[in-house]
Amino acid sequence: MIDGWIELARGPLFRLSLAVCLLGLGTILFTTGVSIVRSWRSAGDRTLPIGAIVRTTLRWVAPVRLAKVRPLYSVASIAFHAGLLLVPLFSVGHVGLWQTDLRVPWPVLPPALADTLAVAAAVALLGLLVARLSSRVMRGLSRPQDSLVLVLLLGVMLSGLGAAHPLWAPVDARALLLVHLLLADATLVLTPMTKMAHCILFPVLQLVFELGWHFPQASGRHVATALAKEDERV
């Protein structure tokens with residue numbers, strides 16, 4: 001009985017969830033691109049500091065400045081994102097899904113490295129979740145669904161670790177595998193509808209911010225003048 005549910009979750013449900021995820025992210029990226037082009041055409045000042053935009057984006061990818069101010073948060077964030085991106089795409093248990101559907105060669109992480117990344121990501125995510133729930137400031141900046149997304153991702157990670165290592169599992173590994181697959185499918189469906197969509201929007205966010213500063217005409221200069229900071233770089 002459970003094997004049939006597993007095949008359903010890793011077969012038709014997975015393909016449907018992946019299609020919803022990719023179509024949703026593609027729609028978001030397309031509409032964002034259209035908005036960027038329209039804003040640029042309407043901007044009074046169309047001169048954009050592309051080099052500065054690229055450098056700022058890269059600094060967010062490798063948050064060196066943030067690491068100096070909030071080192072523990074930075075390490076946890078990097079560990080969480082590394083595990084969240086690399087393990088689903090390149091661990092042995094997941095590569096079988098990609099090869100079945102895509103039928104293309106796919107690199108595989110060494111099992112020990114994949115386990116290390118998954119454990120580090122789960123620990124980091126738990127730390128980020130506790131920090132968010134215990135901090136009044138962070139709670140004020142977050143919506144309840146943002147924390148629920150972290151709980152969902154933590155469930156995906158822990159159930160996946162238990163399914164991959166039956167000796168670690170407190171319950172039947174096949175049951176954990178089914179839970180892992182269902183939670184992962186739900187995560188794919190929810191990705192375009194939550195803050196997880198930043199995985200596709202992140203490269204253009206700084207460009208969007210810069211365009212906002214250039215639109216409408218001379219708005220950036222007017223704000224700088226009002227703040228008496230017209231000679232300072234923004």
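This tour moves through a predicted model, from its nonpolar cores to a nonpolar patch on its surface.

Begin by selecting F80, L125, L153 and M157, which are the residues with the most contacts inside the largest nonpolar core, a set of 14 residues. To see where this core comes from, colour the helices α5 (71–90), α7 (111–134) and α9 (144–164), each of which supplies at least two of its residues. Of the contributors, α7 gives the most, with six residues.

Now keep F80 selected and display its surroundings: leaving aside residues up to four places away in sequence, F80 touches A121, A124, L125, L128, L153 and M157. Next, select C21, L97, A197 and L201, which are among the nine residues of a second core, separate from the one just visited.

For the surface, select M1, W5, L8, L13, L16, V20, L182, L190 and M193, which together make a nonpolar patch of about 880 Å². Show the helices α1 (2–10), α2 (12–42) and α10 (173–190) alongside, since each of them supplies at least two residues of the nonpolar patch, and note that α2 gives the most to this patch, with three residues.

Finish on L182, a patch member that is found in helix α10. Is L182 buried, partly exposed or exposed? The relative accessible area of L182 is 41%, so this residue is classed as partly exposed, and because patches are made of residues with over 30% relative accessible area, the value of 41% for L182 meets that cut-off.

Terms used:
Residues are numbered from 1 along each chain as its sequence is written. This is a predicted model: local features need pLDDT of at least 70, side-chain atom pairs count only at pLDDT 80 or more; totals for chains, interfaces and linings use all residues. Side-chain values use heavy atoms; hydrogens and water are left out. A nonpolar core is a set of buried Ala, Val, Leu, Ile, Met, Phe, Trp, Tyr and Cys residues joined through side-chain atoms within 4.5 Å. Buried means under 20% relative accessible area, exposed over 50%, partly exposed in between (1.4 Å probe, protein chains only). Helices (H or I, at least four residues) and strands (E, at least two) are DSSP runs, numbered from the N terminus. Contact means heavy atoms within 4.5 Å. Patches are made of residues with over 30% relative accessible area and no salt bridge: like charges are joined within 9 Å, nonpolar side chains (Val, Leu, Ile, Met, Phe, Trp, Tyr) within 5 Å. Accessible areas come from the Shrake-Rupley method with a 1.4 Å probe; for residues, only the protein chains shown count as cover. A salt bridge is a side-chain nitrogen of Lys or Arg within 4 Å of a carboxyl oxygen of Asp or Glu.
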